Amino acid sequence: MDSFIEKAGLADIQVKVAAGERLTLADGKRLFECSNILAVGYLANIVRERINGNKAYFIYNQHINYSNICTNLCKFCAFGKEKGHDQAYEMSIDDIQDKVRQRLDEPITEIHMVGGIHPDLPYSYYLDALRAIKEVRPDVHIQAFTCVEIQHLADLAAKSVGDTLEDLKEAGLGSIPGGGAEVFSPRIRELTCERKLDGAGWLRVTRQAHEHGLHTNATLLYGHIETIDERLEHLDALRKTQDDTGGFLAYIPLAFHPKNTEMSEHSRTTGVDDLKNIAVARLMLDNFPHVKAYWVMIGPKLAQVALSFGADDMDGTVKEEIITRMAGGESDQALGHKTLIRLIKEAGREPVERDTLYTTLETF
Ligand code: V47
């Protein structure tokens, strides 16, 4: 037993972690409430190294946000705009193709594409967007449309979610990103995003995606009005789903950025809370292969430190991220390949360039 863990009051949790025993929600609460971030991180690092050794993953990816026009207008979001708003935009299929074409000289392996819940783009637009990307870049993996968008597409087409997923797969969809999960708690949804698909709906679409052979990610939007119990209930719902399906690849805690939102009275998250969200998730989500430190939201420097607090993935090169920037995010718009490798190496980890499904492409 490490004495500093004992002093932090986490000795019994260390015993469970060492034995690979599942932590309870009460354990999770004590971890969140523990003021010794090094102790929490140390325990998370045990799990991180057990699952991923010394590897730290990154991907060469491109983000495309096809439209910010949205009917949900969630209070925490600065990206979504009503149709007709002077900042509202919508890319044509040609615009999307141009975005892909502009970066054909870069070794991009993944395109991450999400947008708002648009009131009138037809179902065919979404299928055409996928086909158009594949036409320009046939080998790229498209990770697109949150579970919220997928449910919207199914409603639009008057098809089941399963049939919609099959259409999307046929058009080129490779996997589904983790957005739209926010906080599953009905209380939080009612107060922040009442029009959005509810938590049960998000989990239902996720299960269907897994049944249809699509891997997905999961997120939690933290650092606003959610309680620690609500964070833990969210993690528990993800853990239960993963027990049943095994379809999740990565969990990504998303730090709330308040600027330009209807919740702008909140302060930005602190570094300690950012690290705790990563560390506690790594400890609770014992069945998730990967935990991402998304540098766009917590900054590259803290994401680097997070590699010793439970995270094993720094996401990727990104470029042109809009959702965080609109809400006051100050991180660079892109991190070069070389910078990512340097950040990882200086953290004492082995940089691994991966594809979306975590196949190793190159180590450095
Ligand atoms: O769904 C919206 C969140 C998400 C704000 O799957 C905000 O690998 C912070 O899900 N402050 C989109 N967050 C981003 C996302 C994501 C990003 C990177 C990788 C992956 C992945 C997924 O951003 C939205 C919403 O939950 N969001 N507004 C805000 N003001």
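Here are some questions and answers about a predicted model of a protein with its ligand.

Reader: Let's start with the ligand. Which residues come nearest to the ligand?

Author: There are 23 residues around the ligand, and a handful of them stand out. The ones that come nearest are Phe-76, Gly-178, Gly-180, Glu-182 and Lys-292.

Reader: What kinds of residues, by class, make up the shell around the ligand?

Author: Start with the charged group, which gives three residues to the shell. Polar residues give eight. The nonpolar class fills the rest of the list, with 12.

Reader: How far is a backbone N or O atom of His-257 from a nitrogen atom of the ligand?

Author: The backbone takes part in several contacts here, so let's go through them using the 3.5 Å cut-off for a polar contact. A polar backbone atom of Gly-179 sits 3.3 Å from an oxygen atom of the ligand. Phe-76 has a backbone N or O atom 2.8 Å from a ligand nitrogen. For His-257, again with a backbone N or O atom and a ligand nitrogen, the distance is 2.8 Å.

Reader: How much of the ligand's accessible area does the protein cover?

Author: On its own, the ligand has 610 Å² of accessible area. The part of this that the protein covers is 95%.

Reader: And which elements give two or more residues to the shell around the ligand?

Author: First, a word on the place itself: the space taken by the ligand is the largest cavity. Two strands give two or more residues to the shell around the ligand. They are β6 (216–222) and β7 (248–255).

Reader: Is Glu-182 buried or exposed?

Author: Glu-182 is one of the residues that come nearest to the ligand, and its place is the loop between β5 (173–175) and α9 (186–192). Its phi is near 50°, a positive value in a residue that isn't glycine. The relative accessible area of Glu-182 is 9%, and the cut-off is under 20%, so Glu-182 is buried.

Reader: What about Asn-260, buried or exposed?

Author: Asn-260 also has a positive phi without being a glycine, in this case about 65°. You'll find Asn-260 in the loop between β7 and α12 (271–284). Its relative accessible area is 53%, and over 50% is the mark to pass, so Asn-260 is exposed.

Reader: Which residue has the backbone oxygen that lies 2.7 Å from a polar atom of the side chain of His-224?

Author: His-224 is in the loop between β6 and α11 (228–245). With a relative accessible area of 12%, His-224 is buried. Its side chain has a polar atom 2.7 Å from the backbone oxygen of Leu-221.

Reader: Now Thr-192: how far is a polar atom of its side chain from the backbone oxygen of Ile-188?

Author: Thr-192 belongs to helix α9. It counts as buried, at 3% relative accessibility. From the backbone oxygen of Ile-188 to a polar atom of the Thr-192 side chain, the distance is 2.7 Å.

Reader: What separates the C-alpha atoms of Gln-143 and Gly-178?

Author: Gln-143 is part of strand β4 (residues 141–144), and it counts as buried at 2% relative accessibility. Along the chain, Gln-143 and Gly-178 are 35 residues apart. In space, their C-alpha atoms are separated by 9.7 Å.

Reader: One more: what separates the C-alpha atoms of Leu-197 and Ala-181?

Author: Leu-197 is in the loop between α9 and α10 (199–211), and it's buried, with a relative accessible area of 16%. Leu-197 and Ala-181 are 16 residues apart along the chain. Their C-alpha atoms are separated by 9.1 Å.

Key:
Residues are numbered from 1 along each chain as its sequence is written. This is a predicted model: local features need pLDDT of at least 70, side-chain atom pairs count only at pLDDT 80 or more; totals for chains, interfaces and linings use all residues. Side-chain values use heavy atoms; hydrogens and water are left out. A residue is near a molecule or strand if one of its heavy atoms lies within 4 Å of it. A polar contact is a pair of N or O atoms within 3.5 Å; within protein, one must be able to donate a hydrogen and the other to accept it, and residues adjacent in sequence count only if both atoms are side-chain atoms. Accessible areas come from the Shrake-Rupley method with a 1.4 Å probe; for residues, only the protein chains shown count as cover. On a 1 Å grid over the protein atoms alone, a cavity is a set of points where a 1.4 Å probe fits but cannot get out, and a pocket is an open set with protein on both sides within 12 Å along at least five of seven lines; lining residues have an atom within 4 Å of a point. A molecule sits in a cavity or pocket if more than half of its atoms lie within 2 Å of its grid points. Helices (H or I, at least four residues) and strands (E, at least two) are DSSP runs, numbered from the N terminus. Ala, Val, Leu, Ile, Met, Phe, Trp, Tyr, Cys and Pro count as nonpolar, Asp, Glu, Lys and Arg as charged, and the others, Gly among them, as polar. Buried means under 20% relative accessible area, exposed over 50%, partly exposed in between (1.4 Å probe, protein chains only).
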